[in-house]
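Q: Please take a close look at one helix of this protein chain and at what comes after it. I am a first-year student, so plain wording would help.

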Amino acid sequence: MRYGHFDDESREYVITTPHTPYPWINYLGSEQFFSLLSHQSGGYSFYRDAKMRRLTRYRYNNIPTDAGGRYFYVNDGGDVWTPSWMPVKAELDHFEARHGLGYSTITGERNGLSVKTLFFVPLGENAEVQKVTLTNTSGAAKTVSLFSFVEFCLWNAQDDQTNYQRNLSIGEVEVEADGPTGTAIYHKTEYRERRDHYAVYGVNARATGFDTDRDTFVGAYNGLGEAAVPFAGKSENSVASGWYPIGSHSLEVTLEPGASTSYTFVLGYLENPQDEKWADDDLQVVNKTGAHELLARFATEEQTDAAFEALRAHWTTLLSGYSVSSPDEKLDRMVNVWNQYQCMVTFNMSRSASYFETGIGRGMGFRDSNQDLLGFVHLIPERARERILDIAATQFPDGSAYHQYQPLTKRGNNDIGSGFNDDPLWLIAGVAAYIKESGDFSILDEQVPFDNDESLAESLFEHLTRSFRFTVDNRGPHGLPLIGRADWNDCLNLNCFSTEPGESFQTTENQAGGVAESVFIAAQFVLYGAEYAELAERRGLTDVAAEARAAVEEMRAAVLSHGWDGEWFLRAYDFYGNKIGTDSKPEGKIWIEPQGFAVMAGIGVEGTDPTTPEAKGSPAIKALDAVNEHLATDHGMVLQHPAYTSYQIELGEVSTYPPGYKENGGIFCHNNPWVIIGETVVGRGAQAFDYYKRITPAYREDISDVHKLEPYVYAQMIAGKEAVRHGEAKNSWLTGTAAWNFVAVSQYLLGVRPGYDGLVVDPQIGPDVPEFTVTRSARGATYEIHVTNSGTPGARGTLVVDGTPVEGNTVPYAPAGSTVRVEVTV
């Protein structure tokens with residue numbers, strides 16, 4: 001069942017009913033100011049840090065779901081309704097929400113009045129703009145009242161939800177009823193003391209009334225759906241003093257039949273220098289100069305429209321870096337728009353703020369942000385460079401790293417700390433991807449501190465060396481890397497041994513031992529250790545490169561000797577030295593991560609030509625075949641099988657989930673692309689594309705009643721085959737699935753990926769896509785790559801570049817400004 005449809009021309013997803021299975025959201029903003037916005041106008045806004053600089057409140061675990069956001073109420077002669085359906089939930093004659101790239105529109109119509117609201121964060125602004133257009137679709141004149149509503153958060157979102165004995169006494173506002181551009185409400189809680197920032201919520205008209213006290217606006221014991229002021233049809237002009245500050249304007253609107261009028265509301269964040277905080281000598285009135293300038297930039301409809309068009313043009317330019325034209329419209333819309341868009345959102349948010357992450361518990365992830373970089377580096381390489389340096393500065397001198405850092409301070413999160421032993425190698429992955437895309441080897445010479453201590457600064461290449469050496473120097477009895485607190489799968493806490501209820505698996509002290517080893521990190525080391533060796537070689541460090549390659553080969557041999565179970569790769573060795581992911585155990589026999597990553601790294605791929613009989617005997621083919629037999633489902637590949645049915649104290653959190661959910665036999669979509677890529681490595685493009693379609697949202701749109709979450713972006717998890725609700729998704733938007741699936745489809749299925757010296761063109765997508773054209777920018781040049789594809793298993797492309805046949809599959813980089821045409825025959 002569908003609840004909307006894609007509008008490919010407009011690059012929008014159109015939701016045609018408010019009654020989706022779950023709130024379907026969008027993100028506004030791509031610089032410093034961000035908003036989460038659901039199709040029912042729920043969500044919240046913040047500046048840079050969703051914990052420390054939150055402008056508006058949102059309550060998770062609420063009943064009803066998605067209660068709280070930015071709302072507009074209409075009182076039409078006593079008939080009160082909300083165009084977003086929530087929170088009043090009055091039946092609408094028409095409803096439509098359109099989620100676009102950095103903006104959304106929500107339109108509701110009832111009794112001959114249409115109200116359409118455009119929400120967006122303009123480029124270069126720390127504000128959410130809301131353009132509300134009212135249209136009289138009836139045959140008679142109408143006079144209605146429009147009420148806006150936002151509820152201010154007291155900045156620190158965690159303290160705001162916990163410290164009521166203080167917070168219910170500190171709320172402060174100012175009201176500018178007749179400001180330079182209209183009526184504005186200012187939220188200034190704590191501004192008199194430690195803060196130099198305030199919020200403004202203004203409208204470009206003289207309001208007929210306002211309210212800033214929530215209890216006055218809503219009424220005692222009421223919910224937002226029965227708010228007293230909109231139902232009374234008149235603002236109370238309340239001024240908050242403690243309790244719950246809000247921002248609400250009321251406007252009286254008269255429209256002739258067929259007439260329309262628009263208003264622009266602006267929710268903004270402002271800062272003042274310490275010596276310019278006040279507009280009066282008594283230090284009571286906020287200096288509103290910055291707010292007046294902000295509101296003046298959106299004082300007219302023309303200004304608002306121009307800012308919106310600039311945003312749309314920005315996204316058009318941004319998405320021009322990689323596109324495909326094929327007979328498969330679902331493939332095209334995911335590659336050209338929605339996958340890349342989600343990659344940009346994960347760049348901005350990491351895992352911090354979604355409808356499944358409150359914005360309070362997590363900052364930027366060392367591992368997460370390096371992987372996210374793989375999906376957006378081609379869009380904004382200059383910001384990828386900045387992100388790499390931020391991440392590297394949280395590394396410790398021994399090569400390990402803070403697992404997370406805070407976006408506002410760019411410093412490590414001490415609560416989570418270190419000990420996730422896959423973290424260091426992801427820095428090599430991110431840097432290699434950036435250099436291949438940009439050609440900027442100078443980043444390796446940048447001086448970057450360790451632990452944000454400038455006195456410890458070394459070159460970025462030295463940081464990569466420490467990352468490489470950390471794995472070499474921390475190996476267990478089989479020569480495989482020690483897992484530490486955990487590897488990529490945080491829930492596989494092999495040294496945790498937690499018995500205390502409520503204790504965090506991520507922060508509890510590890511049980512030392514030096515025995516628990518990770519086959520996954522071993523495969524990761526083989527893949528990214530080779531990248532480190534290549535970078536060393538290109539810096540003229542031939543001895544370093546040779547030593548690194550020897551260590552990589554030693555690790556490859558260790559995986560094949562001690563990480564192979566006969567039909568698939570082991571997952572790990574536990575604290576006691578017992579095998580994890582072995583056929584000899586009744587549960588958790590086979591895990592997905594090492595199967596995909598080992599083949600990506602080229603471990604056991606010798607003799608995998610699918611046209612030869614001996615291919616079946618290679619470890620790579622055996623491992624991938626085992627994935628298909630044991631892990632694959634119609635909704636994607638589960639993380640391991642069989643799932644655990646009881647708590648395994650030596651494994652930790654992974655066994656705390658019911659079977660089929662999250663890390664315990666769930667479909668963790670993030671690692672499905674590793675198997676997809678692995679299938680292309682061994683020449684089985686048809687299988688790879690089939691796996692791709694199973695988890696890719698556009699192909700799941702028809703089962704939205706099962707999937708539940710947005711059909712335009714990836715979810716982190718889909719319930720596995722042992723779950724009660726197999727196929728149901730959770731944790732959409734902020735997931736490494738976005739970056740890795742874009743890598744899988746753009747670089748391996750469609751087969752166009754950057755190398756150090758040129759674009760590698762090696763498509764492997766099977767016969768379902770008989771021809772396609774990829775247009776890609778790289779280092780200032782444009783490449784038009786047309787592929788004629790037989791889909792024959794194991795077939796590799798032959799290339800003709802600008803009319804000349806070339807050997808191999810690499811197209812050398814051309815001068816900036818040039819256009820290169822490539823014909824590929826598979």
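A: What follows starts with the whole chain, moves to helix α7 and the loop after it, and ends with a small sheet.

The model is a predicted one. Its secondary structure comes to 19 helices and 42 strands. The C-alpha atoms fill a box of roughly 80 × 55 × 55 Å along the principal axes. A compact globule of 826 residues would have a radius of gyration near 28 Å, and the protein chain agrees because its own value is 28 Å. Of the 826 residues, 64% count as buried. Among contacts with a separation of 6 or more, 67% are between residues 24 or more positions apart.

Helix α7 covers residues 329–349. Just ahead of the helix, Asp328 caps the N-terminal end: one of its side-chain oxygens lies 3.0 Å from the backbone nitrogen of Lys330. The length of α7 can be checked by simple arithmetic. With 21 residues at 1.5 Å a residue, the helix should span 30 Å, and its end C-alpha atoms are 29 Å apart, so the two values agree. The helix also has a bend of about 45° at Val335. Most of α7 is covered, as 19 of its 21 residues are buried. In general, an α-helix has 3.6 residues a turn, so residues three or four places apart point the same way.

After α7 comes Ser350, which has a positive phi, near 50°. Further along, Ser354 sits in the loop between α7 and β21, the strand at 364–365. Ser354 has a relative accessibility of 3%; because buried means under 20%, Ser354 counts as buried. A polar atom of its side chain lies 2.9 Å from the backbone nitrogen of Phe356. Leaving aside residues up to four places away in sequence, Ser354 touches Tyr27, Leu36, Tyr60, Ser732 and Leu734.

One of these partners, Ser732, leads to a sheet, since strand β34 takes in residues 729–732. The sheet is open and has 3 strands in the order β32-β33-β34, with antiparallel pairing. Its edge strands are β32 (667–668) and β34, each of which pairs on one side only. Strand β33, residues 715–718, is joined to β32 by 2 bridges, and these two strands run antiparallel. Within this pairing, Ile667 stands opposite Ile718 of β33. In general, strands of a sheet pair through backbone hydrogen bonds, either parallel or antiparallel.

Methods:
Residues numbered from 1 in each chain as written. Predicted model: local features only at pLDDT ≥ 70, side-chain atom pairs only at ≥ 80, totals over all residues. Heavy atoms only, no water. Pairing = 2+ DSSP bridges. Helix = DSSP H or I, 4+ residues; strand = E, 2+ residues; numbered from the N terminus. Expected span 1.5 Å × (residues − 1). Bend = angle between axes of the 7 residues up to and from the residue. Buried < 20%, exposed > 50% of the residue type's maximum accessible area, 1.4 Å probe, protein only. Polar contact = N/O pair within 3.5 Å; in protein donor to acceptor, adjacent residues only side chain to side chain. Rg over C-alpha atoms; globule rule 2.2 N^0.38 Å. Contact = heavy atoms within 4.5 Å.
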